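Colleague: Please take a close look at the enclosed space inside this model. I should like a connected account of what surrounds it, and of how far the model may be trusted in detail.

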Amino acid sequence: MRRIRIALLFGALALFALLYAPQPVLPQLAGEYGLSPGSAALLVSAATLGLAVSAIPLGTLSEAVGRRKTMITSLVVAELLGLVLPWVHSFPLMVGLRLVQGAAVAGLAAVATAYLVDETGGVRLGTTVGLYVAGTTIGGMTGRLLGGVVGDFWGWSGGVLAVALLAAVCTVAFVALLPSEQRHQRKPLRWGPLLGGLGAALRDPGLYPPYLVAALGMGSFVTVYNVLGFRITAPPLLVPPALAALAFLAYAAGTVTSALAGRAADRWGRVRVLLTSLAVAGAGLLLMLPDSVPVILVGLVVFTGGFFGAHSVANGWVGTRASAEARGQASALYQLAYYGGSSVGGVLGGIAYGAWGWPGMTLLLGIWLALAAIAVLTSRHQPAPLR
């Protein structure tokens, strides 16, 4: 169990460092290529879109070829593309490479939870998934912080390269430590039975609340982090880019709350903890409204903690709710919702910021979080799954 947790911690570090590597240098990229915030955010949205559309095929394929093989192959390919990206100086080509990179890394993102459930037997799943999500927050924070600081001195390409090198070290550790499957029974590569599992995951109404939390919550989260750099480096705040990158230290809040929320859900129930987490995220949004850097940073910490608490619980919900034959596909559907929300929500949120400023964007994100909470409340009336 301990080796699995450590290996997946390194995998999550590499995954999220690579996936969001351009985010802290979006203002530099926008300046170099003459882009609006919404257009520059395509570098983030392209990768999450690639991940979203590849999650189901790779999650389904893992049932036949093995979860470990799928995760390792995906991460290695994504890392190779991450090392190539800093040397590309055509924005459309960068967007295309990011799309492929996101598709590559989908094999790890879509399969990790199913691997955890299989190999741990579901014992203390909320805690275990919470620790995995904590790893994703550390990867996201470290990659963004490193990229932002290095990018301020050596340009956006230097920042992206530094993140790729960090991810390379984590990828080597992940490959070396991840144990082979002991409990997962591979299925023959016959798409009919495998797609039957996908159908079972789609037919279970009890899985829709966590899917909606993933889509709406992640859309809100990636929007805030995409445009935050534009807001605090522009008048009236005028924070230098290297110092602006320190805002990504707020990810540390997610590292703590994702693990705590997983344990709390095991003890007090996922609905109660999810609703509390979404309310905390909404409070963080409101705190970020004033044009004061200290207040914005406090709000960012609160918002980040609330979001990752909700994500941790929703992710574990899917693993426990889905039947054994649909677990891989249900996990992949969650990733489709999560990264689809990131891709679409990030673009829409960037457009809202460009059109209405931070207050208008905040209103839109607040509506998204409220809809997620309503979806969770409806789960109280869902029957238990048939096994």
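**The cavities and their linings**

Modeller: Helix H9 provides the largest share of the lining of the largest cavity, namely 6 residues. Please bear in mind throughout that this is a predicted model. H9 spans residues 208-233, and two other helices, H2 (26-33) and H10 (241-244), likewise supply at least two lining residues each.

The volume of this largest cavity is about 160 Å³. Its lining consists of 16 residues, and those closest to the centre are Pro 24, Gly 229, Ala 244, Ala 245 and Phe 248. Sorted by class, the lining holds 10 nonpolar residues and 6 polar residues, with no charged residue present.

Searching the whole structure gives 4 cavities of 30 Å³ or more. The second largest of them encloses about 60 Å³. Its lining is made up of Leu 15, Phe 16, Ala 109, Tyr 132, Thr 136, His 311, Asn 315, Gln 335, Tyr 338 and Tyr 339. Two or more of these residues come from each of four helices: H1 (2-19), H7 (125-177), H13 (293-321) and H14 (327-378). H14 makes the greatest contribution here, with 3 residues. In terms of class, this second lining contains 6 nonpolar and 4 polar residues, and charged residues are absent from it.

Two residues of the second lining lead on to another part of the chain. Leu 49, which belongs to helix H4 (residues 42-65), touches Tyr 339, and it also touches Leu 99 and Ser 343, once residues up to four places away in sequence are set aside. The C-alpha atoms of Leu 49 and Tyr 338 lie 10.0 Å apart, although 289 residues separate the two in sequence. Leu 49 has a relative accessible area of 38%, so it is classed as partly exposed.

Two further positions show how other helices are placed among their surroundings. Thr 70 sits in helix H5, which covers residues 67-84. Its relative accessible area is 6%, and therefore it counts as buried, the cut-off for that class being under 20%. Beyond its neighbours up to four places away in sequence, Thr 70 touches Leu 58, Ser 62, Val 65, Gly 107 and Val 111.

Val 280, by contrast, is partly exposed, because its relative accessibility is 32%. It is part of helix H12 (residues 270-287). Outside the four places on either side in sequence, its contacts are Val 302 and Gly 306. From C-alpha to C-alpha, Val 280 and Gly 306 are 4.9 Å apart, with a separation of 26 residues along the sequence.

As to confidence, the chain has a mean pLDDT of 84, and 89% of its residues reach 70 or more. Among its elements, H12 has the highest mean pLDDT, 95, whereas helix H8 (residues 191-203) has the lowest, 69. Where pLDDT is low, the predicted coordinates should not be read in detail.

In short, the two cavities described here have volumes of about 160 Å³ and about 60 Å³. H9 gives most to the lining of the largest cavity, and H14 gives most to that of the second largest.

Definitions and conventions
Residues are numbered from 1 along each chain as its sequence is written. This is a predicted model: local features need pLDDT of at least 70, side-chain atom pairs count only at pLDDT 80 or more; totals for chains, interfaces and linings use all residues. Side-chain values use heavy atoms; hydrogens and water are left out. Buried means under 20% relative accessible area, exposed over 50%, partly exposed in between (1.4 Å probe, protein chains only). Contact means heavy atoms within 4.5 Å. On a 1 Å grid over the protein atoms alone, a cavity is a set of points where a 1.4 Å probe fits but cannot get out, and a pocket is an open set with protein on both sides within 12 Å along at least five of seven lines; lining residues have an atom within 4 Å of a point. Grid points are joined across faces, edges and corners, and a volume is the space filled by probe spheres set on the points. Ala, Val, Leu, Ile, Met, Phe, Trp, Tyr, Cys and Pro count as nonpolar, Asp, Glu, Lys and Arg as charged, and the others, Gly among them, as polar. pLDDT is the predictor's confidence in each residue, from 0 to 100.
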